[in-house]
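Hello,

Here is the structure we spoke about. Please have a look at it first; my notes follow below.

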Amino acid sequence: MIERWLEALVATPGLTSVTGEDARRVHVDESLAALDVIRQFDGPIVDVGSGGGAPGIPLAVALPEREVTLLESSRRKCEFLERWARELPNARVVCGRAEEQPLDSWEVAVAKALAPPTVAAEWCLPLVAPGGAAILYAGPSAEGARVARVAGQLGAELAESPPGLLVLRKLEPTPAGFPRRPGVARKRPLA
Ligand SMILES: C[S@@+](CC[C@H](N)C(=O)[O-])C[C@H]1O[C@@H](n2cnc3c(N)ncnc32)[C@H](O)[C@@H]1O
């Protein structure tokens, strides 16, 4: 199934700029790089800004016992995701913005190429229940200190993280005042 999904992902205009021989590494292997961290937490997972389904679809295949929500704001991308979620009993699609979802509802939020890490942290952390974590696929980012400041304002802390990931542990319920209105996190980042 992953093979067919990957083929459709690279063949569908507007879903990804990474095609050819890099496609498997970027969309499948990199998506699965968070598996060990995710397994440290139980419960449902949300992939924020899932786009064409990375990392949510590879994670749903690798973790069939975990419920995976593919959250995406673009209607056209949601239609693509729905076609693939139908093949996975543990995956579902929510078409909407992160800032408009129920708070403290998932154990793990993951985000890959969603936005600059400080913005992605602000969008993901309100979705995570205390005790859970937001995991940002940040690449070789030098933004750790700024992301830690954002996490602190959202009841979370930056935990020890494997290379390429930023793991933000949610310690407390989402503070009053968050999430800010759609668009504000990008316009006026917290750090
Ligand atoms: C650059 S794409 C990355 C897609 C995928 N995660 C990947 O790694 O290929 C970012 C996606 O996030 C979606 N997005 C942006 N802001 C969002 C928000 N606030 N809530 C939900 N989705 C959002 C966009 O529509 C887009 O599909």
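**Helices and sheet**

Helix α7, made of residues 144–153, lies across the strands β5, β6 and β7, and runs at about 165° to β6. Please keep in mind that this is a predicted model.

A second helix, α6 (residues 117–124), lies across β1 (45–48), β4 (106–112), β5 (128–137) and β7 (165–170). Its direction is at about 150° to that of β5.

Now the sheet itself. It is open and has 7 strands, in the order β3-β2-β1-β4-β5-β7-β6, with mixed pairing. At the edges are β3 (91–95) and β6 (156–158), each of which pairs on one side only. On average, neighbouring strands are turned by 20° against each other, ignoring direction.

As background, strands in a sheet pair through backbone hydrogen bonds, and the pairing is either parallel or antiparallel. Strand β2 (residues 68–72) pairs with β3 in the parallel sense, over 5 bridges. In this pair, Thr69 stands opposite Arg92 of β3.

The remaining notes concern helix α1, residues 2–11. Which of its residues are buried? They are Ile2, Trp5, Leu6, Ala8 and Leu9. These residues lie on the same side of α1 because they cover an arc of only 165° around the axis. Glu7 and Ala11, on the other side of α1, are exposed. What do the buried residues of α1 pack against? Their partners are the helices α2 (23–32), α4 (56–62) and α5 (75–85).

Best regards

How values were computed: Residues numbered from 1 in each chain as written. Predicted model: local features only at pLDDT ≥ 70, side-chain atom pairs only at ≥ 80, totals over all residues. Heavy atoms only, no water. Buried < 20%, exposed > 50% of the residue type's maximum accessible area, 1.4 Å probe, protein only. Helix = DSSP H or I, 4+ residues; strand = E, 2+ residues; numbered from the N terminus. Arc of directions from axis to C-beta. Contact = heavy atoms within 4.5 Å. Pairing = 2+ DSSP bridges. Axes fitted to C-alpha atoms, helices over the stretch in contact; angles between N-to-C directions.
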